[in-house]
Amino acid sequence: MRELDIGEVVRRSGVPASTLRYYEQLGLVQVLGRRGLRRQYDQQVLERLALIGLGQSAGLSLQQIGAAMPQGAGLALDRTALLDQADALQRQILGLQRVQERLRRAAACPHAEDARRCASFRRLLRAQQRVARA
């Protein structure tokens, strides 16, 4: 097992040292010990950091990521949580696609000088009002 000091972990992962220390406080990564003042990590910390990044890009909170990752060296995944998040992302994607299409229709409206005269723009506003009330 090769140990990596904090500087090497930062260099290889792109994760700042302050973030590593924060992840340590949250229990997402573990320090093996110290060599002088420098924290030492197991080489598998790089995989854990990649998994944390993947979870964040999928919209998971650090707490959700922590719950899905076991303590120790393993990288077990909570499949139910992953599928739930994938479903939530799909709903968000569909909603954003609807907004995108409405924006395109409103932008193409011939009444650009007064958006209130544009039926597409008025529908966009009504849809937004419904979202705000929900």
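In this predicted model, 6 salt bridges are found. One of them joins the side chains of E3 and R35, with a nitrogen-to-oxygen distance of 3.5 Å; this pair links distant parts of the chain, since E3 belongs to strand β1 and R35 to strand β2 (residues 33-35), 32 residues apart. E3 counts as partly exposed, its relative accessibility being 35%, whereas R35, with a relative accessible area of 55%, is exposed.

Another of the salt bridges is formed by R38 and D5, whose closest N and O atoms are 3.2 Å apart. Because R38 lies in strand β3 and D5 in strand β1, this pair ties together parts that are 33 residues apart in sequence. R38 counts as partly exposed at 40% relative accessibility, and D5 likewise counts as partly exposed, at 24%. D5 also takes part in a contact at the start of helix α1, where one of its side-chain oxygens reaches to within 2.9 Å of the backbone nitrogen of G7.

Within helix α1 (residues 6-13), a salt bridge is formed by E8 and R12, the closest N and O atoms of which are 3.3 Å apart. These two residues are 4 residues apart in the helix, and they are therefore separated by about one helical turn. This spacing can be set beside a general property of such elements: an α-helix has 3.6 residues a turn, so residues three or four places apart point the same way. The two partners are nevertheless classed by separate terms, for E8 is buried, with a relative accessible area of 18%, which falls under the 20% cut-off, while R12 counts as partly exposed at 37% relative accessibility. E8 and R12 are, in addition, members of a network of salt bridges that links them with R2 and R11.

The buried residues of helix α1 are I6, E8 and V9. Seen down the axis of the helix, these residues fall within an arc of 160°, and so they line one face of α1. The elements against which the buried residues of α1 pack are strand β1 (3-5), helix α2 (17-26), strand β3 and helix α3 (45-57). Just after helix α1, G14 takes a positive phi of about 80°.

Strand β3 (residues 38-42) also contains D42, a charged residue that is buried yet has no salt bridge. The nearest side chain of opposite charge to D42 is that of R48, which is 8.9 Å away; because a salt bridge requires the nitrogen and oxygen atoms to be within 4 Å, this separation does not qualify. A polar atom of the D42 side chain does, however, lie 2.6 Å from the backbone nitrogen of Q44.

In helix α3, the position of L54 was also examined. L54 has a relative accessible area of 56% and is therefore exposed, the cut-off for that term being over 50%. The C-alpha atom of L54 is separated by 19 Å from that of Q30, a residue 24 residues apart from L54 along the chain.

Finally, the structure holds 1 disulfide, which is formed by C109 and C118, with their sulfur atoms 2.4 Å apart. The torsion about the S-S bond of C109 and C118 is about 135°, so the disulfide is right-handed. Both cysteines are buried, C109 as well as C118.

Note on methods: Residues are numbered from 1 along each chain as its sequence is written. This is a predicted model: local features need pLDDT of at least 70, side-chain atom pairs count only at pLDDT 80 or more; totals for chains, interfaces and linings use all residues. Side-chain values use heavy atoms; hydrogens and water are left out. Buried means under 20% relative accessible area, exposed over 50%, partly exposed in between (1.4 Å probe, protein chains only). Lys and Arg count as positive and Asp and Glu as negative; His and the chain ends are not counted. A polar contact is a pair of N or O atoms within 3.5 Å; within protein, one must be able to donate a hydrogen and the other to accept it, and residues adjacent in sequence count only if both atoms are side-chain atoms. A disulfide is a pair of cysteine sulfur atoms within 2.5 Å. The arc is that of the directions from the helix axis to the C-beta atoms. Contact means heavy atoms within 4.5 Å.
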